[in-house]
Amino acid sequence: MTIYNFGSINADYFYQVPHIPAPGETLAATDLDQGLGGKGANQSVAMVQAGADVLHLGAVGRDGDWLLDRLGALGVARDSIVRLSCASGHAIITVAADGENAITLYSGANTAMSEAQLTQWLAPIGAADWLVMQNETAHQLHAARMARAQAARVVYSAAPFEAKAVAEVLPFVNILCANEHEVKALQQALRISSLASLGLDGMLITYGAKGAAYHDFSADQVFEVAGISVIPVDTTGAGDTFCGYFIGRLSLGDDPQTALSCANRAAALKVTRSGTADAIPNLQEVMEFPP
């Protein structure tokens, strides 16, 4: 069983600031750091740290050698990542003293790869496998349709939220991952009141510091976890950590409640650390947290 994660790879530039700048405000940063990020890369790292077998499908640009090095160092297979002549995707992340953040994203190579390349990568996917995606790449509909046609399970993170993108892939999705704000936006966009009407097998909803819930529509059950009290340092990538750990543990055979509890601990531990992919904890750290 393999998880094929078709996802973004970004260079994350972190600027520490006293508070998130208001419109028109010029604010001096107190520190600058650089790391591996992108929702796709973050989720690949989280799934690998959770113990899953992950193959990342994606692209970097002419400046992406160090991104590939970091992915490899974190245990992510890089055989299906292409180098393109454009710039790599990157994100400008301002992190406030209270741990909150604001992000400006440039897609770069993440949306420049070809559909033919994706078709080649997904050719071996089968009934035992999973396809994971987020809304930071091109050709999502093609990937979801192809994976379902070959009997694989499809997981989609509805972020960054775009109603049209979600609506296109929903008929081919088994599990949808979203935060509470994205869920409200989706319900408004589709004019639905019942999440069960989406036709999914399940839906993971994260509520930030308040915890998360997994709606198992096929079994008509809801699994919940309460948030773990921590002092946040950087909330960037917390949702990716949660989703990646949850799907990773599900793919390994954990029941939803066990997978949810593990993901909850992983995300809580992540926000106590600065950074994105590099700050995602390993499984041993997660199982020992909270102390």
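Which element gives the most to the lining of the largest pocket? The answer is helix H7, with 5 residues. This report works from a predicted model.

## The largest pocket

The largest pocket holds about 1,300 Å³ of space. Its lining is made up of 46 residues. Closest to the centre are Asn-179, Thr-235, Gly-237, Ala-238 and Gly-239.

By residue class, the lining divides into 20 nonpolar, 19 polar and 7 charged residues. H7 spans residues 238-251. This helix is the top contributor to the lining, giving 5 residues.

## The aromatic pair

H7 also takes part in ring pairing. The structure holds 1 aromatic pair. The partners are Tyr-214 and Phe-246, with ring centres 5.0 Å apart and planes at 50°, so the pair is tilted. Tilted is the class for planes that are neither under 30 degrees apart nor over 60. Tyr-214 sits in strand E12, and Phe-246 sits in helix H7. The two are 32 residues apart, and the pair links distant parts of the chain.

Are these two residues buried or exposed? Tyr-214 has 4% relative accessibility, so it counts as buried. Phe-246 is at 0%, so it is buried as well. The cut-off for buried is under 20% relative accessible area.

## His-215 and its surroundings

His-215 lies in strand E12, which covers residues 211-216. Tyr-214 of the aromatic pair belongs to E12 too.

Which residues does His-215 contact, leaving aside its neighbours within four places in sequence? They are Asp-201, Gly-202, Met-203, Ile-205, Gln-221 and Val-222. Strand E11 runs over 202-206, and strand E13 over 221-226. Val-82 is another matter. It is 133 residues from His-215 along the chain, and the two C-alpha atoms are separated by 36 Å.

## Salt bridges

How many salt bridges does the structure hold? There are 6. Three of them are described here, beginning with Asp-65 and Arg-83. Their closest N and O atoms are 2.8 Å apart. This bridge links distant parts of the chain: Asp-65 is in helix H2 (residues 65-73) and Arg-83 in strand E5 (residues 77-83), 18 residues apart. Asp-65 has a relative accessible area of 41%, so it is partly exposed. Arg-83 reaches 54%, so it counts as exposed. The cut-off for exposed is over 50%.

Asp-254 bridges to Arg-249, with the closest N and O atoms 2.9 Å apart. Arg-249 is buried, at a relative accessible area of 16%. Glu-285 and Arg-273 also meet through their side chains, at 3.0 Å from N to O. Glu-285 lies in helix H9 and Arg-273 in the loop between helix H8 (256-270) and H9, so this bridge ties together parts that are 12 residues apart in sequence. Glu-285 has a relative accessible area of 31%, which makes it partly exposed. Arg-273 is at 25% and counts as partly exposed.

## Cis peptide bonds

Where do cis peptide bonds occur? One joins Ala-159 and Pro-160, with omega at about -10°. Pro-160 is placed in the loop between strand E9 (153-157) and helix H5 (163-169).

Another cis bond joins Phe-289 and Pro-290. Omega there is about -5°. Pro-290 falls in the segment after helix H9 (283-287). H9 is the helix that holds Glu-285 of the salt bridge with Arg-273.

## Positive phi outside glycine

Arg-191 is not a glycine, yet its phi is positive, at about 55°. It is located in the loop between helix H6 (180-190) and strand E11 (202-206). Is Arg-191 buried or exposed? Its relative accessible area is 77%, so Arg-191 is exposed.

Asp-220 likewise has a positive phi of about 55° without being a glycine. The loop between E12 and strand E13 (221-226) holds this residue. Asp-220 has a relative accessible area of 72%, so it is exposed. E12 is the strand of His-215.

Conventions: Residues are numbered from 1 along each chain as its sequence is written. This is a predicted model: local features need pLDDT of at least 70, side-chain atom pairs count only at pLDDT 80 or more; totals for chains, interfaces and linings use all residues. Side-chain values use heavy atoms; hydrogens and water are left out. Helices (H or I, at least four residues) and strands (E, at least two) are DSSP runs, numbered from the N terminus. Contact means heavy atoms within 4.5 Å. Rings of Phe, Tyr and Trp (its six-membered ring) pair if their centres lie within 6.5 Å; planes under 30 degrees apart count as stacked, over 60 as edge-to-face and the rest as tilted. Buried means under 20% relative accessible area, exposed over 50%, partly exposed in between (1.4 Å probe, protein chains only). On a 1 Å grid over the protein atoms alone, a cavity is a set of points where a 1.4 Å probe fits but cannot get out, and a pocket is an open set with protein on both sides within 12 Å along at least five of seven lines; lining residues have an atom within 4 Å of a point. Grid points are joined across faces, edges and corners, and a volume is the space filled by probe spheres set on the points. Ala, Val, Leu, Ile, Met, Phe, Trp, Tyr, Cys and Pro count as nonpolar, Asp, Glu, Lys and Arg as charged, and the others, Gly among them, as polar. A salt bridge is a side-chain nitrogen of Lys or Arg within 4 Å of a carboxyl oxygen of Asp or Glu.
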